[in-house]
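Open the model in your viewer and keep the selection panel at hand. Each stop below tells you what to pick and what you will find there.

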Amino acid sequence: MRSYTLIAPAKINLYLEIIGDRPDGYHELVMILQSIDLADKISVRAISEQIIRVHCNHPQVPTDKTNLVYRAAELMTKQFPEAAAKHGGVEITLEKNIPVAAGLAGGSTNAAAVLVGIDLLWNLGLTQTEIEELGAILGSDIPFCVAGGTAIATGRGEQLAPLPSLDHIYIVLAKYRSLEVSTPWAYKTYRQEFGHTYLKNTEDLAARAAAVHSGEIVKAIVHKDATEIAQKLHNDLERVVLPAYSQVMQLRELFATQPGVLGTMMSGSGPSVFAIVESEAQAQAVKQYIRKAIPDEDLELFVTRTITHGIQIASSI
Ligand SMILES: C[C@@](CO)(OP(=O)(O)O)[C@H](O)COP(=O)(O)OP(=O)(O)OC[C@H]1O[C@@H](n2ccc(N)nc2=O)[C@H](O)[C@@H]1O
Ligand SMILES: Nc1ncnc2c1ncn2[C@@H]1O[C@H](COP(=O)(O)OP(=O)(O)O)[C@@H](O)[C@H]1O
């Protein structure tokens, strides 16, 4: 039976601004999303039984219907019933390297990989846009994960426009293994505390344009200037997550005082925190310093870098 192995990179948010309410209950956002060189490996294999089977090496990740990869395979089966009947079921094996529930789009990038993998397995010939549209049905971050790189996302995060790509900007990433922040909780709390400050009618295009402040960081990205980008990092969700999670606040403060750190921010709804650093050597030095300052085995630390792509095919049999 045929199989494909795919590489699914994580993302960080260089920018996340909450513009207002949406009629569908989600929030209208302006985000800048960036792929990083920290990735899961996913294999997708055709099997004769008409079932979806998921294996995973990570104890925190479910292998039932609640796994986003299961839901991605189920969606493909529903959308393309003839191909599903012809090619049989799908066995998905996940090798997790991306910290779970971290604000790094781990589940989303896995789901994007499964959409790409099944498209290949069943010879569907879907376009990138078609795969992104299928991804948007399952989650707001999935469309970005398909092509990755650097992009500005609007709407609930699913409307994408590419930005000039950023390669080899070094990042130190930190996440407490046992700490999880619920994304619905973060948005709900933001709405309760700051809802009065944002737009109630996001259909009003002029008001929407006036509310957006991402121009400066976009300029910095066009200049491909890491120092300038690092100074313009922004994430509205920090306003609710940092006061509620002292460990995240502590990491943010520790990163900010390190030599070689150009800027630091929480990614997505957290709790991972990243720092943009000058060089790979500085990144290693910052990682070692943090490890010494917080000798807690629960703290995961990574040196990674920005990359210019999303899902990639590693091999096929
Ligand atoms: C915060 C961000 C930033 O990139 O990512 P993560 O921290 O999850 O990586 C995203 O906005 C999350 O994207 P994703 O995790 O795909 O969200 P979804 O599954 O679509 O939504 C999860 C929940 O978040 C809230 N949500 C999400 C997106 C949005 N624009 N408005 C919202 O209010 C809703 O409560 C929704 O039920
Ligand atoms: N393929 C998957 N990888 C990781 N977590 C998954 C996956 N599918 C479902 N989940 C569940 O989704 C939750 C959010 O995980 P994840 O996608 O890693 O976080 P985030 O959206 O913050 O980046 C986890 O608590 C986990 O139980």
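**Stop 1: α1 and α4**

This is a predicted model. Select helix α1, residues 68-79, and helix α4, residues 128-138. How are the two helices oriented to each other? Their axes make an angle of about 120° and lie 10 Å apart. An angle of 65 to 115 degrees would count as roughly perpendicular, and one over 145 as roughly antiparallel. The angle here falls in neither class, so α1 and α4 are oblique to each other. Their crossing is right-handed.

Now show side chains. On α1, the contact uses Leu68, Arg71, Ala72, Leu75 and Gln79. On α4, the partners are Leu134, Ile137 and Leu138. By class, this contact of α1 with α4 holds six nonpolar residues, one polar and one charged.

**Stop 2: α3 against α4**

Keep α4 and add α3, residues 106-121. The axes of α3 and α4 are 10 Å apart, at an angle of about 135°. This pair is therefore oblique as well. α3 passes α4 in a right-handed crossing.

Which residues meet here? From α3, pick Ala111, Ala112, Leu115, Val116 and Asp119. From α4, pick Ile131, Leu134, Gly135 and Leu138. The contact of α3 with α4 divides into seven nonpolar residues, one polar and one charged.

Leu134 and Leu138 of α4 deserve a second look. Both take part in the contact with α1, and both meet α3.

**Stop 3: α1 beside α3**

Hide α4 and look at α1 with α3. Their axes are 8 Å apart and make an angle of about 30°. Angles under 35 degrees count as roughly parallel, so α1 and α3 are roughly parallel to each other. The crossing is right-handed.

Select Leu68, Val69, Arg71, Ala72, Ala73 and Met76 on α1. They meet Gly107, Ser108, Asn110, Ala111, Val114, Leu115 and Ile118 on α3. The classes here are nine nonpolar, three polar and one charged.

Leu68, Arg71 and Ala72 of α1 appear in this contact with α3, and they also appear in the contact with α4. On α3, Ala111 and Leu115 meet α1 and also meet α4.

**Stop 4: ligand 2**

Stay with these helices and display ligand 2. Which residues come closest to this ligand? They are Asn67, Leu68, Gly106, Gly107 and Asn110, out of 19 residues that surround ligand 2. α1 and α3 are the elements that give two or more residues to this shell. The largest share, four residues, comes from α3. The shell has 10 nonpolar residues, nine polar and no charged ones.

Three of the closest residues are familiar. Leu68 on α1, with Gly107 and Asn110 on α3, belongs to the contact between these two helices.

**Stop 5: a residue before α3**

Find Ala101, in the loop between β4 (89-95) and α3. Check the backbone of Ala101: phi is near 55°, a positive value in a residue other than glycine.

**Stop 6: the two domains**

Zoom out and color by domain. Domain 1 covers 3-164 + 308-316, and domain 2 covers 170-305. The C-alpha centres of the two domains are 23 Å apart. Across the boundary, 27 residues of domain 1 are in contact with 38 residues of domain 2.

Select the side of domain 1 that touches domain 2. β1, β2 and β5 (150-154) each supply at least two of its residues. β1 gives the largest share, 10 residues. By class, this side has 17 nonpolar, five polar and five charged residues.

**Stop 7: ligand 1**

Next, display ligand 1. It has 19 residues around it, and the nearest are Gly139, Ser140, Asp141, Arg156 and Gly268. Where does the shell come from? Domain 1 and domain 2 each provide at least three of its residues. β1 (3-21), β2 (27-47) and α6 (183-194) each supply at least two. The shell around ligand 1 has seven nonpolar, 10 polar and two charged residues.

**Last stop: a cis bond**

Go to Pro271, in the loop between β9 (261-266) and β10 (273-277). The peptide bond from Gly270 to Pro271 is cis, with omega near 0°.

Note on methods
Residues numbered from 1 in each chain as written. Chains lettered and ligands numbered in written order. Predicted model: local features only at pLDDT ≥ 70, side-chain atom pairs only at ≥ 80, totals over all residues. Axes fitted to C-alpha atoms, helices over the stretch in contact; angles between N-to-C directions. Left-handed = near helix turned anticlockwise from the far one by under 90°. Contact = placed C-beta atoms within 7 Å. Nonpolar A, V, L, I, M, F, W, Y, C, P; charged D, E, K, R; others polar. Near = placed C-beta within 6 Å. Domains from an automatic or database assignment.
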